[in-house]
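Reader: Could you walk me through this one, informally? I'd like short answers that show how you got there.

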Amino acid sequence: MQLIYDVADKPSTKQTIIFALQQMIAIMAATLLVPILVSSYGLEADPAAALFGAGIGTIVYIICTQKRSPAFLGSSFTFLGAYAASIQQNYGYWGVLIGVCFAGIVYIIIAIIIKAVGSRWVNKLMPAVIIGPIVTLIGLSLSGTATTWMASNGGSEYSLITIAVGIITFLSIVVASVKGSRTVKLIPFIIGIGVGYILALILTVIGNTSGIASLQIMNFQPFIDEFSPVSFRSFFDVPSFFFMKAINTKGQYLPIDGAAIGNIALIYVPIAVVELAQHIADHKNLGSIINRDLIIDPGLDKTLTGDGLGSIVGAFFGGAANTTYGESIGCVAITKNASVITIIYTGIGCMLLSFFTPFVVIVNSIPKCVMGGACVALYGFIAVSGLQMLKNVDLGNNKNLFVVSSILVCGIGGLTLEIGKNPVTGGPLLSITSLAVSLIIGIITNLVVNNGKLEDEDPGDVDGLTGHVENMGTVKITDEDYVSKKQAEEKNSKH
């Protein structure tokens with residue numbers, strides 16, 4: 001992809017602030033939703049604290065990856081089942097924090113192993129024929145959220161009006177990205193979401209005035225709660241950090257003894273191992289967008305360390321493990337802005353804005369149908385970027401066809417593996433997501449059709465992307481070039 005701003009490029013400060021704001025808007029809804037869900041399980045998790053945790057976790061990641069990977073870490077949905085299990089077993093805040101620490105340590109241990117043995121085996125184990133459809137699945141698996149938000153505005157009632165608002169939001173992003181000026185093309189989400197927000201506001205005012213419930217898309221209650229009455233905390237407030245809640249509730253939950261720690265580890269560690277698949281897929285996808293293989297540079301050991309430490313630090317403040325966000329990757333792809341400085345500003349911005357109450361309230365007030373329209377673009381670009389990885393794969397070859405088809409059918413069909421039974425929750429002790437199951441089946445199928453071998457036709461091109469990156473800057477001299485060069489040398493020797 002031809003980038004407007006490459007990884008090391010530094011836009012002006014004014015531009016970077018605007019680009020960072022766009023990234024924040026793209027990741028905000030999901031980042032703030034996780035603590036809300038955690039609160040529904042029985043613990044109080046502050047969305048503003050989760051925003052701070054995502055910001056500081058991202059900064060940790062950027063430091064660990066030596067500013068070479070423009071990825072944002074936000075609250076992870078993968079661990080929701082683990083949060084619910086540890087909370088329902090009455091381990092409280094410390095149970096969640098210890099569990100996320102276990103998950104982060106798993107990443108760090110794997111990073112140490114990869115540092116020792118290298119990461120090229122990853123490219124051989126998961127070539128483009130596997131990682132391409134997996135990335136496509138990531139986008140498609142998120143698509144249901146986008147369409148549901150558009151169809152019901154996050155509620156339960158179907159509405160053609162909210163669908164219309166979502167489509168207008170999406171088309172505004174399209175027009176800004178395709179037909180806008182160079183500057184406008186860099187901020188299509190700010191423009192699109194702004195258009196959708198204003199439209200929703202107008203419809204809601206009309207609906208409230210005329211008493212038409214179907215037009216009342218926006219909820220003004222967050223503003224009423226925050227500014228009634230108006231006080232200093234209506235504008236600035238310290239987030240309720242998760243570690244402070246853990247300290248202040250000491251003795252209210254089961255003691256964290258050896259048995260408790262072992263039980264918590266059994267809940268969180270398997271999920272962390274499964275999450276490794278999405279970590280690799282996300283970095284492969286981002287690498288294809290920014291024209292470099294992040295598995296090699298900065299290296300899978302550094303990205304895993306950054307993700308693991310970023311999760312631990314993020315949970316310490318926000319209460320949720322962090323993970324690389326597809327919304328952020330989609331934003332990079334659409335805007336063609338891969339500047340790491342933008343991601344750094346985004347992380348710092350999240351930390352600062354977590355203290356600025358009105359910003360969090362405004363973001364929470366964005367109608368789900370508007371965010372759904374924006375997510376059509378975000379998730380769609382993730383899916384398409386996976387398909388782009390398959391452009392050099394011969395799908396006329398049955399070997400490749402079986403691998404791709406098995407991944408797509410199992411992933412789209414939602415095949416999961418549920419192992420054991422949790423006596424407290426009644427659910428499975430371990431649930432392996434359809435994405436992880438699809439990856440496992442794809443790898444097994446690839447081994448079967450290749451007789452168990454992980455050999456490449458071209459050792460220098462392990463996954464298409466790696467070979468492209470390693471050959472960047474290489475000059476190939478043709479016979480014609482060689483003759484011309486010899487003639488020039490003979491001419492110079494005569495003089």
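Reader: Which is K336: buried, partly exposed or exposed?
Author: K336 sits in the loop between helix 14 and helix 15, and its relative accessible area is 35%. Buried means under 20%, exposed over 50%, and partly exposed in between (1.4 Å probe, protein chains only). So K336 counts as partly exposed.

Reader: What pLDDT do side-chain atom pairs need to count here?
Author: Residues are numbered from 1 along each chain as its sequence is written, and side-chain values use heavy atoms, with hydrogens and water left out. This is a predicted model, where local features need pLDDT (the predictor's confidence in each residue, from 0 to 100) of at least 70, totals for chains, interfaces and linings use all residues, and side-chain atom pairs count only at 80 or more.

Reader: Back to that loop: what is phi of K336 near, and which residue between helix 12 and helix 13 also has a positive phi?
Author: Phi of K336 is near 60°, a positive value in a residue other than glycine. A positive phi of about 65° turns up in another non-glycine residue, in the loop between helix 12 (258–290) and helix 13. That residue is N291.

Reader: How many helices and strands does the protein chain have?
Author: The count rests on DSSP runs numbered from the N terminus: helices are H or I with at least four residues, strands are E with at least two. For the protein chain that gives 21 helices and 4 strands.

Reader: How do helix 14 and helix 17 sit: parallel, antiparallel, perpendicular or oblique?
Author: Axes are lines fitted to C-alpha atoms, for helices over the stretch in contact, and angles run from 0 to 180 degrees between N-to-C directions. Helix 14 (residues 326–335) and helix 17 (residues 368–388) pack at about 85°, with axes 8 Å apart. Under 35 degrees counts as roughly parallel, over 145 as roughly antiparallel, 65 to 115 as roughly perpendicular and the rest as oblique. Helix 14 and helix 17 are therefore roughly perpendicular.

Reader: How many charged residues are in that contact of helix 14 with helix 17?
Author: Contact means heavy atoms within 4.5 Å, and by that rule G326, E327, G330, C331, A333 and I334 in helix 14 meet A377, L378, Y379, F381 and I382 in helix 17. Ala, Val, Leu, Ile, Met, Phe, Trp, Tyr, Cys and Pro count as nonpolar, Asp, Glu, Lys and Arg as charged, and the others, Gly among them, as polar. The contact has 8 nonpolar and 2 polar residues, and the charged count is 1.

Reader: At roughly what angle do helix 1 and helix 16 cross?
Author: The axes of helix 1 (residues 13–40) and helix 16 (residues 357–365) come within 10 Å. L21, M28 and L32 of helix 1 touch F359, V360, V363 and N364 of helix 16. Helix 1 and helix 16 are roughly perpendicular, because their crossing angle is roughly 70°.

Reader: Which residue, 124 places away in sequence, lies 7.2 Å from S234?
Author: S234 is in the loop between helix 10 (221–227) and helix 11 (242–248), and is buried at a relative accessible area of 1%. Beyond neighbours within four places in sequence, its contacts are E226, F227, P229, T357 and P358. The C-alpha to C-alpha distance of 7.2 Å is to P358.

Reader: Which proline follows a cis peptide bond in the loop between helix 10 and helix 11?
Author: One cis bond, with omega near 15°, runs from D297 to P298, but P298 lies in helix 13 (residues 295–318). Another cis bond has omega near 0° and starts at S228. Its second residue, in the loop asked about, is P229.

Reader: How many disulfides are there?
Author: C64 is buried at 18% relative accessibility, and C369 is buried at 0%. A disulfide is a pair of cysteine sulfur atoms within 2.5 Å. By this rule the count is 0.

Reader: Where should I hold back, and how many contacts does the model have there beyond four places in sequence?
Author: The mean pLDDT of the protein chain is 85, with 89% of residues at 70 or more. Where pLDDT is low, the predicted coordinates should not be read in detail. pLDDT stays under 50 over residues 457–486, and the contact count there is 31.
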